[in-house]
Amino acid sequence: MLKRYQILLNDWQAEHYRMISEKYDVSFSEMIRMALCMDILNATKVIFPKYRWKISKKLIENAMKNRDIVGSIGAEKFHRLLSQIYFETRKATELWHGKGAKK
């Protein structure tokens, strides 16, 4: 379930995410969600070094290196990748909030 929030970004932040969203042909909102998820996953690795993602970091890196993610892997695979990222991020947040494995 998506909830609507208003966030304020500096001009340089908005421009960066606008350019990235255009580059990868995704909506601005989707780009922000993806960036937040990647930040949460990366922070989780710092705070919980033994935590392992169930999604291939190499798969994400390879997808992000391609200018047209959707065109290169197809819309269905792209949305499956997003679903995996969102799922892994949700599990990571549960770990942060004490609902998952211990430190």
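Colleague: What makes up the largest pocket, and how much space lies in it?

Modeller: In this predicted model, about 830 Å³ of space lies in the largest pocket. Its lining has 19 residues, and Leu 2, Lys 3, Ser 29, Arg 33 and Leu 36 are the closest to its centre.

Colleague: Which helix gives the most to that lining?

Modeller: That's α2, with seven residues. Both α2 (28-47) and α5 (75-96) supply at least two residues each. By residue class, the lining splits into 12 nonpolar, three polar and four charged.

Colleague: Let's stay on α2. Why does Thr 44 count as buried?

Modeller: Buried means under 20% relative accessible area. Thr 44 has 0% relative accessibility, so Thr 44 counts as buried.

Colleague: What makes the pairing of Thr 44 with the backbone oxygen of Ile 40 a polar contact?

Modeller: The cut-off for a pair of N or O atoms is 3.5 Å. A polar atom of the Thr 44 side chain lies 2.7 Å from that backbone oxygen of Ile 40, so the distance is within the limit.

Colleague: And which residues does Thr 44 touch, leaving out those up to four places away in sequence?

Modeller: Pro 49, Tyr 51, Ala 92, Leu 95 and Trp 96.

Colleague: How do you know that Met 38 and Ile 85 come together in space?

Modeller: Contact means heavy atoms within 4.5 Å, and Ile 85 is one of the residues that Met 38 touches, along with Trp 53 and Ile 60. Met 38 lies in helix α2. Its C-alpha atom is separated from that of Ile 85 by 7.8 Å, although the two residues are 47 residues apart along the chain.

Methods. Residues are numbered from 1 along each chain as its sequence is written. This is a predicted model: local features need pLDDT of at least 70, side-chain atom pairs count only at pLDDT 80 or more; totals for chains, interfaces and linings use all residues. Side-chain values use heavy atoms; hydrogens and water are left out. On a 1 Å grid over the protein atoms alone, a cavity is a set of points where a 1.4 Å probe fits but cannot get out, and a pocket is an open set with protein on both sides within 12 Å along at least five of seven lines; lining residues have an atom within 4 Å of a point. Grid points are joined across faces, edges and corners, and a volume is the space filled by probe spheres set on the points. Helices (H or I, at least four residues) and strands (E, at least two) are DSSP runs, numbered from the N terminus. Ala, Val, Leu, Ile, Met, Phe, Trp, Tyr, Cys and Pro count as nonpolar, Asp, Glu, Lys and Arg as charged, and the others, Gly among them, as polar. Buried means under 20% relative accessible area, exposed over 50%, partly exposed in between (1.4 Å probe, protein chains only). A polar contact is a pair of N or O atoms within 3.5 Å; within protein, one must be able to donate a hydrogen and the other to accept it, and residues adjacent in sequence count only if both atoms are side-chain atoms.
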